[in-house]
Amino acid sequence: MTRSYRSTRKQALLLSATLAAGSFSGSAMAEELRLITWGGYAPDDVVAQFEKETGIDVKVTLSNNEDMISKLRATGGAGFDLAQPSQDRIVGVQRQFNIYKPVDFTRINTDNLQPSMVKATQNSTELDGNFYGVPSVWGTSGLIVHSSVADTVTDYTDLCDPSVEGQVSYRLKRPTLIGFAFAMGMDPFAAYADRDGYQSIMTKVEDKLIDCKGIVKTYWTGGDQLLALLRTGEVKAAMAWDAGGWKLNAENPEIRFVAPDSGALGWIDTFAIPRRSENEEAAYKWINFVMQPEIAAKITNASGNFTASRGADAFVKDDLRDAYRASFNDAAINNIKWYPPVPPGLETMEGQVLDRVQAAN
């Protein structure tokens, strides 16, 4: 939804919410917001400021997509007032389990949000005419490269170049399948609705990954493991997240995150309202509070990932902001491949491909 969508009614609601927030600070009744989210998305100083300004206590439960879905599915959407699933993990779950309620965008201060992020999130969380997600934190996976191999490794499939044998790493996970498919000139997202077409793409990627096994030093399985491999120079190039690359760049300017020629793979974590939320009002207050640029910058500084808050870059730590700008120019931003919702059955197909790659000699 764009800025032009807002209305006088929305402004009145936001004013009402602000006045209500003021009244809560003097109330003897303790309110609570039960938030289930990722590590770094609710820093202690942000929580403390919100509690001071609104009088609402925040109870944070750290989680991930699978855990959020499991908890909300088990309770029919109860137990939490606000959740933060990724944008591609909402529609399928909602269609199957009905654990969220539609977002009322008239209660969201979209002035503070990047319009392109709002549009991308609405496109991927729309179901039966309703939107189920508000953009929050975003990031990409691409390539972390040392300057010594930067001219060789500019796309995912360059990780299979014989000249970097024994110096590269990636995970045996679905982002690798997707990234390699794009680098091989195919569009796996466009084939989501064509199961046979998607299987054909996965077969070609499987053959490529099996041929590449002799080049790979190791398939990394944890972020700390990967960072250690890159710090020590055992690995010179890897497929990984942008935040990890920026962290290493702060330690060693010879290492940096680059958007691959075929495009970085983008994800957006959202705000979603559980269907049986007991304090929906507090949930909307939290969303509007943390998406203020100066507050959102604190989340970026804590998590290492940028947010959908417009103008927050100005308040981010200098080294992180500079690394981000070195990784993404306008062309690289526009070339990001945002993950669409995953249709049922595709992840099973992908798992079988990954198992065969792992088992191949």
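**Exercise 1. Enclosed space**

How many cavities of 30 Å³ or more does the structure hold? Then describe the lining of the largest cavity.

*Solution.*
Step 1. This is a predicted model. The structure holds 2 cavities of 30 Å³ or more.
Step 2. Take the volume. The largest cavity has about 60 Å³.
Step 3. List the lining. Ser141, Arg171, Pro175, Thr176, Trp220, Met239, Ala240 and Trp241 line the largest cavity.
Step 4. Sort the lining by class. The residues divide into 5 nonpolar, 2 polar and 1 charged.
Step 5. Assign elements. Helix H6 (174-183) and strand E10 (237-241) each supply at least two lining residues. The largest share comes from E10, with 3 residues.

**Exercise 2. The partners of strand E7**

Work out whether strand E7 is enclosed, and list strands that pair with E7.

*Solution.*
Step 1. Check burial. In strand E7 (residues 134-146), 13 of the 13 residues are buried, so the strand is largely enclosed by the rest of the structure.
Step 2. Go to strand E12 (residues 265-271). E7 and E12 run antiparallel and are joined by 7 bridges. Thr140 stands opposite Gly266 in this pairing.
Step 3. Go to E10. Here 5 bridges join the strands, again antiparallel. Ser141 stands opposite Trp241, and Gly142 has Ala240 as its bridge partner.
Step 4. Go to strand E11 (residues 255-258). The pairing with E7 is antiparallel, over 4 bridges. Leu143 has Val258 as its bridge partner.
Step 5. Go to strand E14 (residues 306-307). E7 and E14 pair in the antiparallel sense over 2 bridges. Trp138 is matched with Phe306.
Step 6. Link back to the cavity. Ser141 and Trp241, opposite each other in the E7-E10 pairing, both belong to the lining of the largest cavity.

**Exercise 3. Strand E10**

Is E10 mostly covered or uncovered? In which sense does E10 pair with E8?

*Solution.*
Step 1. Count the buried residues. In E10, 4 of its 5 residues are buried, leaving the strand mostly covered.
Step 2. Find the sense. E8 and E10 pair in the parallel sense over 2 bridges. Ser169 stands opposite Ala238 in E10.
Step 3. Set this beside E7. The E7-E10 pairing is antiparallel, whereas the E8-E10 pairing is parallel.

**Exercise 4. Ser136 in its strand**

Which residues does Ser136 contact, leaving aside its neighbours within four places in sequence?

*Solution.*
Step 1. Place the residue. Ser136 sits in strand E7.
Step 2. Judge its exposure. The cut-off for buried is under 20% relative accessible area. Ser136 has 3% relative accessibility and counts as buried.
Step 3. Name the contacts. They are Gln84, Ile268, Asp269, Thr270, Phe271, Met291, Thr307 and Ala308.
Step 4. Contrast with Ala250. Ser136 and Ala250 are 114 residues apart in sequence, and their C-alpha atoms are 25 Å apart in space.

**Exercise 5. The disulfide**

Which residues does a disulfide join? Which parts of the chain does the pair tie together?

*Solution.*
Step 1. Search the whole structure. The search finds 1 disulfide.
Step 2. Identify the pair. Cys160 is joined to Cys212, S to S 2.2 Å.
Step 3. Read the handedness. The link of Cys160 and Cys212 has -110° about the S-S bond and is left-handed.
Step 4. Locate both ends. Cys160 lies in the loop between E7 and strand E8 (168-170), and Cys212 in the loop between helix H7 (195-211) and strand E9 (216-219), so the pair ties together parts that are 52 residues apart in sequence.
Step 5. Check exposure. Cys160 is buried at 12% relative accessibility. Cys212 is buried too, with a relative accessible area of 1%.

**Exercise 6. The largest pocket and helix H9**

Which helix gives the largest share of the lining of the largest pocket? Follow that helix into its packing.

*Solution.*
Step 1. Take the volume. The largest pocket has about 1400 Å³ of space.
Step 2. Find the centre. Of the 48 lining residues, Trp38, Arg171, Trp241, Trp267 and Asn305 lie nearest the centre of the pocket.
Step 3. Sort by class. The lining has 19 nonpolar, 15 polar and 14 charged residues.
Step 4. Name the helix. The largest share, 6 residues, comes from helix H9 (residues 242-251).
Step 5. List buried residues of H9. Asp242, Ala243, Gly244, Gly245, Trp246 and Leu248 are buried.
Step 6. Trace their packing. The buried residues of H9 pack against E7, helix H8 (223-232), E10, E11, E14 and helix H12 (318-327).

Notes
Residues are numbered from 1 along each chain as its sequence is written. This is a predicted model: local features need pLDDT of at least 70, side-chain atom pairs count only at pLDDT 80 or more; totals for chains, interfaces and linings use all residues. Side-chain values use heavy atoms; hydrogens and water are left out. On a 1 Å grid over the protein atoms alone, a cavity is a set of points where a 1.4 Å probe fits but cannot get out, and a pocket is an open set with protein on both sides within 12 Å along at least five of seven lines; lining residues have an atom within 4 Å of a point. Grid points are joined across faces, edges and corners, and a volume is the space filled by probe spheres set on the points. Ala, Val, Leu, Ile, Met, Phe, Trp, Tyr, Cys and Pro count as nonpolar, Asp, Glu, Lys and Arg as charged, and the others, Gly among them, as polar. Buried means under 20% relative accessible area, exposed over 50%, partly exposed in between (1.4 Å probe, protein chains only). Two strands pair if DSSP finds at least two bridges between them. A disulfide is a pair of cysteine sulfur atoms within 2.5 Å. Contact means heavy atoms within 4.5 Å.
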